[in-house]
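Here are a few notes to read with the model open beside you. Take them one at a time and find each spot as you go.

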Amino acid sequence: MVRLDSPPHVDHSASPSLRGAGSGATKQPSPQPASTGFESQTRLLPRLTPPRNDGKGLLTTLMSEKSDWPYRRIVCFVSLAMALGIVSLAALVFGAVAIPVGQVVKVLLGGETSNPAWTTIVTDIRMPAVLTAILAGSALSVAGLQMQTLFRNPLADPVILGVSSGASLGVALVVLAVGASGATLVATSGPLSTLSVTLAAAIGAGAILVFVLAVSRRVGGGPTVLIVGLMTGYLTGAMVSVLIYFSNANSIRNYINWGLGSFSGVVWSQLVIIAPIVMCGLFVALATAKPLNAILLGENYASSMGANVGRVRAVTLTTAAILSGVITAFCGPIAFIGVAVPHVAKGLFKTSDHRTLMPASILIGAILAVVAYTIAQLPGNGAVLPINAITSLLGAPIVVAILLRQHRSRLGGVAS
């Protein structure tokens, strides 16, 4: 029998006067559904699922995101281009001899300066070095981005994977072996000598990269590939040590100076060789941006989308080997740009689209290389710091800061 005289429900939370009024007015907790474990997991779903379709709010959000991103990307690219122009001008101004900005601008415009020596310093010494730094930073950044995508490893770059070590071995075979036999190949600056050094570096870099790729196909990606690259670097370093032991003092001195890394040793006759090779390599790399986007989702997916994975892999390896090889040949092994710049580009543009990351890496890598060259010239009195030391000091804190910021953002998203 159902009783109809049950007391009505009283909301104690709505009336403060009823809270604690007598023993019968004790506040009772509202019943809670039992926790099933799945409920705690579903708290993360709002950040993983699209917003609810509430009409105007959803349409406004989509339109704002769609319209805001192209403008922000354009602003970023324009800012990077302006920054590259500013740091390049600063590199022409500062050095062992400080030249006024107005005089540098006159030289760039083809005018006469009050001191003829300034014209010689800007045109014959600093301009080739700045252009070489721009080409080197762009080439190494793109090569690093290509290999990080191909190996799906954020630490992949020409140095860690042993590509630069292979290029160093190729140069050592030409410089030290020929030097030990009595020839002075490095001392000459003719097109034949520079071309032979470039080809030796490119062949060494390509051989090591193909070897590392073959190992990665057998064992898969991950830390094993990096370990193989490091061991390859140790092996080539041992071979270089043997060559140094049997070489003469002049050849050893030339090789050590080359190994410290420098943009200042490149002259106009050598820049004529570097520029076309780097420009062609960058053009081919930009052409492979869309297939690399497909490879990001897996080689099977890329094949299903019609991409020739084997051809893309071969083109990517060849391009990365040529870009890193030619820069290593003329400038020495430049460290950290290839691994740092792609992370900076991804953190700045917040995308994995290679159609955006490729030009962004070109600009950021050029800026970082020019800044490193400028800092290396600051001691003055003819003293020049090694480029490798400057690039590591600049690149390591930037990458660490970006990774920590991304980690904090992921933690913030999970907490929300």
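1. Let's begin on the outside. R72, K350, R405 and R408 together make a positive patch on the surface. Keep in mind that you are looking at a predicted model, not an experimental one.

2. Stay with R408 for a moment. You'll find R408 in helix α16, which covers residues 387-415. Is R408 buried or exposed? R408 has a relative accessible area of 53%, and exposed means over 50%, so R408 counts as exposed.

3. Now try a contrasting spot, V175. This valine sits in helix α6, residues 163-180. Its relative accessible area is 7%, and the cut-off for buried is under 20%, so V175 is buried. Have a look at N254 too: V175 and N254 are 79 residues apart along the sequence, yet their C-alpha atoms are 8.1 Å apart in space.

4. Time to zoom out. How many helices and strands does the protein chain have? The count is 16 helices and 0 strands. Of the 416 residues in the chain, 41% are buried. If you take the contacts with a separation of 6 or more, 76% of them are between residues 24 or more positions apart. As for the outside, the chain exposes about 22500 Å², and carbon and sulfur atoms supply 68% of that area.

5. Helix α11 deserves a visit. This helix runs over residues 289-296, and its buried residues are A289, L292, N293, A294 and I295. What covers them? The cover includes α5 (116-151), α10 (268-287), α12 (299-304), α13 (309-331) and α15 (354-377). Just past the end of α11, look for G298, which has a positive phi of about 115°.

6. Back to the surface for a patch of another kind. I227, L230, M231 and Y234 form a nonpolar patch, and their accessible area adds up to about 440 Å². L230 belongs to helix α8, residues 223-245. An α-helix has 3.6 residues a turn, so residues three or four places apart point the same way. Try tracing that idea on the patch in your viewer.

7. One last check on L230. How open is it? The relative accessible area of L230 is 42%. Since partly exposed lies between the buried cut-off of 20% and the exposed cut-off of 50%, L230 is partly exposed.

Terms used: Residues numbered from 1 in each chain as written. Predicted model: local features only at pLDDT ≥ 70, side-chain atom pairs only at ≥ 80, totals over all residues. Heavy atoms only, no water. Patch = residues over 30% accessible without salt bridge, like charges linked within 9 Å, V, L, I, M, F, W, Y side chains within 5 Å. Areas by Shrake-Rupley, 256 points an atom, 1.4 Å probe, with all protein chains shown as cover. Salt bridge = Lys/Arg side-chain N within 4 Å of Asp/Glu carboxyl O. Lys, Arg positive; Asp, Glu negative; His and termini not counted. Charge placed at Lys NZ, Arg CZ, Asp CG, Glu CD. Helix = DSSP H or I, 4+ residues; strand = E, 2+ residues; numbered from the N terminus. Buried < 20%, exposed > 50% of the residue type's maximum accessible area, 1.4 Å probe, protein only. Contact = heavy atoms within 4.5 Å.
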